[in-house]
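Here are some worked exercises to try with a viewer open. Have a go at each task before you read its solution.

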Amino acid sequence: MQEINKNRTAHPKQYLATANEIAPRKIDKKQEILDDISKKTTNITLGLGPKLFSLITSEICVEEKSDERDVKEDIPATPPKANKQKSSSEISDCYFYERQSEMELPILEFEAAKLQYMQDVFNSKKQEFDNYSSELQQLTNQEYMLLKRKNELDAKRRAAELEKVEHIILEEARKKEMIQREHYETHAKKLSAKVLEAEMKQKKAEEEMKKREKEQAELKVQLNNCQKEAQNSIAKSIQKLISFEHQDYLRIPRKDRMDQMAKVLESINDYVEKSKTEELLIDDILNANLHVKEAYEIHQDIVNDMESAKSKALKSHEQATSFSFKESSLPGKASSNAAVVNRQSPSLKKPDNTDSKSSEASKDENGLKMLADVDEKPKIDKEREMLSQFIAPDAIEDHLKVMDKLKNVEGIIQPFKADTRNKKYRFELQKAINVTINSLSSNSGSQIKAKINRLLSILSGKIPESYRREMSNDSVEYSFCSYLMAKQFVEQGDTQISAQHSAAFPFAMAILGIWSKKPEVGSLILGHFYSLCPYLVPFYPPRQEGMSDSDYFSILGYYIDDEGVVEEKYKFLNRMSGYVRLYAAIIVAPLPANVKDAHPHGLAWGWKWLSRILNLEPRPDITATVLYDFLDVTGHSLQKVYGKQFKKIIHILCKDFFPKIKQVTPGGTGGPIERLETFLQHTAKKGYISPPDGFLDANFWNR
């Protein structure tokens, strides 16, 4: 400091220049400080107390005034001239001015320190204020957020309460609406039901009236047909009786026959007269059919009686001729014997006297043969009558023919089956046949065609490919394949069809595809059917003398195990049901489109089987079972083709045959008889038989 003062004293001009430079700098520095304070305090001026604010302002103003004064004192009005020599007074003034400046500098430093202190105090206060303001702002924000959250929660709660109240109101309104709607719907349903019931009653009454009229018309037509059939039968019988020459040998005189036929015709005419004034009943038609049947029986009895009378007349004629020949040598007796012969047999011509003795001898020999035939005829008739209890007479020949064919093929293939060298070949053939038949299904007709072609390829020797060889119809390999294929087809009735009835039709269509191309295979199929299920002939095997129980049950179709135990009846009936359904499906199934020949075993065989079994005495359970299964499969097709005749046979079955089944059934009830009874009741009620389950028509071949 002293050095500075010395410098100032030594160089007053230089000091003046320096003072002139420093003064504005101090002023500028003060002004900057004040500007900073002003900038920093602008935002908080209103927050300061009035006393503190006035104090700061007054101090700043004082400092500004002193600074201005110092500046004015430090800066001369006119700059000194460099070349001018200062006077002593001026030098003294500079000295005092420097002394004054030296005294003023501590003051400025003090003021600057004070200002800095005030600035620090202000900054701390400002910081406290800022912190307080920030805390206050945070508290305010927190309170605001809490208040806002509370308001939101209150709003949500009120909204939830309002929504709950609204939901309750809507629910009550909905319930009331539902109750009203249910009440309305119930009322509407009741009204609709009443209207519908009234309409149904009216419609039902009209339908019943139409149905009754239609039934009456059909019954009248059936009655007229019965009348015509009876009249035709009686007219034929009367014509035969009138033209018959050996009236004296008839068992029943012609007059009595006429009375019988007149009584039958009168009974039918009574029903015809009744139909003009009263409604006919089914019982009336059944009774009329019985009278028609009686007329046919009378006609058949007349024919049999006439044949017997012819035999008796011929026998009498031969005896008379022999007697007249022996007595012709006696005088007076030839003419009388001839008269007796002519009287007993007017239709026979008198022997010509020109005939030789050899011709007379041959006549005598023929007469003796005829007498022998007449003696044997009662025995044959008796055997036929006994056999007719077990098999229909017209079925015997068919049955024997089929079984002979089956036994013949079994004999042919027996050496082939026993030869061990053909074991692998037989296995491959059996595998190819079994796999093809077991994979048959009702998916599409094209699939069945493919299986048929494969089976035909097996019969031609093309399959299996590893053992390909030519097969002729006479070869043992062909017989083996035919026999095995027929057996495998028939066994499907036990393995698959007995459990699923609808499966019968794809197998039946495949059988027809083979049968139409290979008739010998069809014959073997029938042979296996008759062997496993003789009721398809129909044939009730009789028990022969000395036959054991197991042997008898075996020929009936029961399975006997190695220990001799007979299978249960329900299993036996179930298996027979499968065989019958497969056989019936063959009868009604359509032929492939490319087959132009007639059906190899069609509806005519179905009608024949039905008429044959109705002419036999029924057996417990099995008769009801086979009848139900056969009619369930073929009834629809038979009704379409045979129409009224089929209805007649159903009426006879209901009124005549079914009571016989009940009589022979223990207790008169059981599963088979109940199923048949239900089927007949539904058929009588509906008037028709529905198609069987799973039936495949001719269009199936094109799928």
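**Exercise 1. Are F416 and Y425 buried or exposed, and how do their rings meet?**

Step 1. Start with accessibility: F416 and Y425 are both buried. Here buried means under 20% relative accessible area, exposed means over 50%, and partly exposed lies in between (1.4 Å probe, protein chains only).

Step 2. Before going on, note what you are working with: this is a predicted model, in which local features need pLDDT of at least 70, side-chain atom pairs count only at pLDDT 80 or more, and totals for chains, interfaces and linings use all residues. Residues are numbered from 1 along each chain as its sequence is written, and side-chain values use heavy atoms, with hydrogens and water left out.

Step 3. Now the rings. The whole structure holds 12 aromatic pairs; rings of Phe, Tyr and Trp (its six-membered ring) pair if their centres lie within 6.5 Å, and planes under 30 degrees apart count as stacked, over 60 as edge-to-face and the rest as tilted. F416 and Y425 make an edge-to-face pair, with 6.4 Å from centre to centre and 90° between the planes.

**Exercise 2. Describe the pair formed by W607 and Y642.**

Step 1. Take the geometry: the centres are 4.5 Å apart and the planes differ by 25°, a stacked pair.

Step 2. Place the partners. W607 belongs to helix α17 (residues 603-614) and Y642 to helix α18 (residues 622-642), so the pair links distant parts of the chain, 35 residues apart. Helices (H or I, at least four residues) and strands (E, at least two) are DSSP runs, numbered from the N terminus.

Step 3. Check accessibility. W607 has a relative accessible area of 21% and is therefore partly exposed; Y642, at 25%, is partly exposed too.

**Exercise 3. Which residues do ring pairs link into a cluster, and which charged ends sit over rings?**

Step 1. Follow the ring pairs: the cluster consists of Y535, Y540, Y552, F553, Y558 and F572.

Step 2. Look for charges over rings (NZ of Lys or CZ of Arg within 6 Å of the ring centre and within 35 degrees of the ring normal). R575 has its charged end over the ring of Y559, 3.7 Å from the centre. For K686 over the ring of Y688, that distance is 5.3 Å.

**Exercise 4. How do helices α12 and α13 pack?**

Step 1. Find the angle and distance: α12 (residues 476-497) and α13 (residues 504-517) pack at about 170°, with axes 11 Å apart. Axes are lines fitted to C-alpha atoms, for helices over the stretch in contact, and angles run from 0 to 180 degrees between N-to-C directions.

Step 2. Classify the angle. It makes α12 roughly antiparallel to α13, because angles over 145 degrees count as roughly antiparallel, under 35 as roughly parallel, 65 to 115 as roughly perpendicular and the rest as oblique.

Step 3. List the contact (heavy atoms within 4.5 Å). From α12 come M485, F489, Q492, Q496 and I497, and from α13 come A504, F507, A510, I511 and I514.

Step 4. Sort these residues: 8 are nonpolar, 2 polar and none charged. Ala, Val, Leu, Ile, Met, Phe, Trp, Tyr, Cys and Pro count as nonpolar, Asp, Glu, Lys and Arg as charged, and the others, Gly among them, as polar.

**Exercise 5. What surrounds I433?**

Step 1. Locate I433 in helix α10 (residues 423-438). At 0% relative accessibility, I433 is buried.

Step 2. Leave aside neighbours within four places in sequence; I433 then contacts L455, I458, C481, L484 and M485.

Step 3. Pick C481: 48 residues separate I433 and C481 along the chain, while their C-alpha atoms are 8.1 Å apart.

**Exercise 6. What is notable in the backbone at P538 and D621?**

Step 1. Recall the background: most residues other than glycine have a negative phi, and most peptide bonds are trans.

Step 2. Inspect the bond from V537 to P538: it is cis, with omega near 0°. P538 is in the loop between α14 (519-532) and α15.

Step 3. Turn to D621, which is not a glycine yet has a positive phi of about 65°. D621 sits in the loop between α17 and α18, and its relative accessible area of 14% makes it buried.
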